[in-house]
Amino acid sequence: QVQLVESGGGLMQPGGSLRLSCAASGSLFSIHAMGWYRQAPGKQRELVARITRDGSTNYAGFLKGRFTISGDNTMNNVYLQMNSLKSEDTAVYYCNAEVLGLGRKTDYWGQGTQVTVSS
């Protein structure tokens, strides 16, 4: 079992920056990768960024270098630095942990943190 707690969301003006944090607890050794997803009203949840235990990262194409995911190989904490925020970045952001075992992948989710970009 893995528990995830996000923090750092809030209201920001367009062009500003926010840093999201995700603290993981439980069976950290079983985590293969962690990531950030977001869900805007009326839209499906989508991947924002993902980082594996060995440090490999991948990002959604729409970000164009504005966001950076970071963490360490303990998978205890993962962060999302969000710069040059736009109104379309408004969404609930969820932390995700992927656990691999017994030939299958299990996803764990945090409760989500609201990010609102508005003037």
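In which strand does S21 lie? Let us start there and walk outwards. S21 is part of strand β3, in what is a predicted model. With a relative accessible area of 19%, S21 counts as buried, because the cut-off for that word is under 20%. Leaving aside residues up to four places away in sequence, S21 touches V5, E6, S7, W36, V78 and Y79.

Take one step along the chain and you meet C22, which also belongs to strand β3, a stretch covering residues 18-26. C22 forms a disulfide with C95, and the two sulfur atoms sit 2.1 Å apart. How many disulfides does the structure hold? There is 1. Since C95 lies in strand β9 (residues 91-101), the bond ties together parts that are 73 residues apart in sequence. Look along the S-S bond and you will find a torsion of about -85°, which means that this disulfide is left-handed. As for their surroundings, both C22 and C95 are buried.

The disulfide has brought us to strand β9, so let us stay with this strand for a moment. E98 has its place in β9 as well. Is E98 buried or exposed? The answer is buried, with a relative accessible area of 7%. Its contacts, again not counting residues up to four places away in sequence, are S30, I31, H32, A33, R50, K105, T106 and D107.

One of those contacts, I31, leads on to strand β4, which spans residues 31-39. I31 stands opposite V99 of β9, and β4 and β9 as a whole run antiparallel, joined by 8 bridges. Of the 9 residues in β4, 7 are buried, so the strand is largely enclosed by the rest of the structure. A general point may help when you look at strands like these: in a regular strand, the side chains alternate between the two faces of the sheet.

Which other strand is joined to β4 by bridges? That is strand β5, made of residues 46-52. Here 6 bridges connect the two, and once more the strands run antiparallel. One pairing to look for is M34, whose bridge partner in β5 is I51. Between β4 and β5 the chain makes a hairpin, with 6 residues between the strands. In that hairpin, look for G42, which takes a positive phi near 80°.

To retrace the route: the disulfide of C22 and C95 links β3 with β9, bridges join β9 to β4, and further bridges join β4 to β5.

Definitions and conventions: Residues are numbered from 1 along each chain as its sequence is written. This is a predicted model: local features need pLDDT of at least 70, side-chain atom pairs count only at pLDDT 80 or more; totals for chains, interfaces and linings use all residues. Side-chain values use heavy atoms; hydrogens and water are left out. A disulfide is a pair of cysteine sulfur atoms within 2.5 Å. Helices (H or I, at least four residues) and strands (E, at least two) are DSSP runs, numbered from the N terminus. Buried means under 20% relative accessible area, exposed over 50%, partly exposed in between (1.4 Å probe, protein chains only). Contact means heavy atoms within 4.5 Å. Two strands pair if DSSP finds at least two bridges between them.
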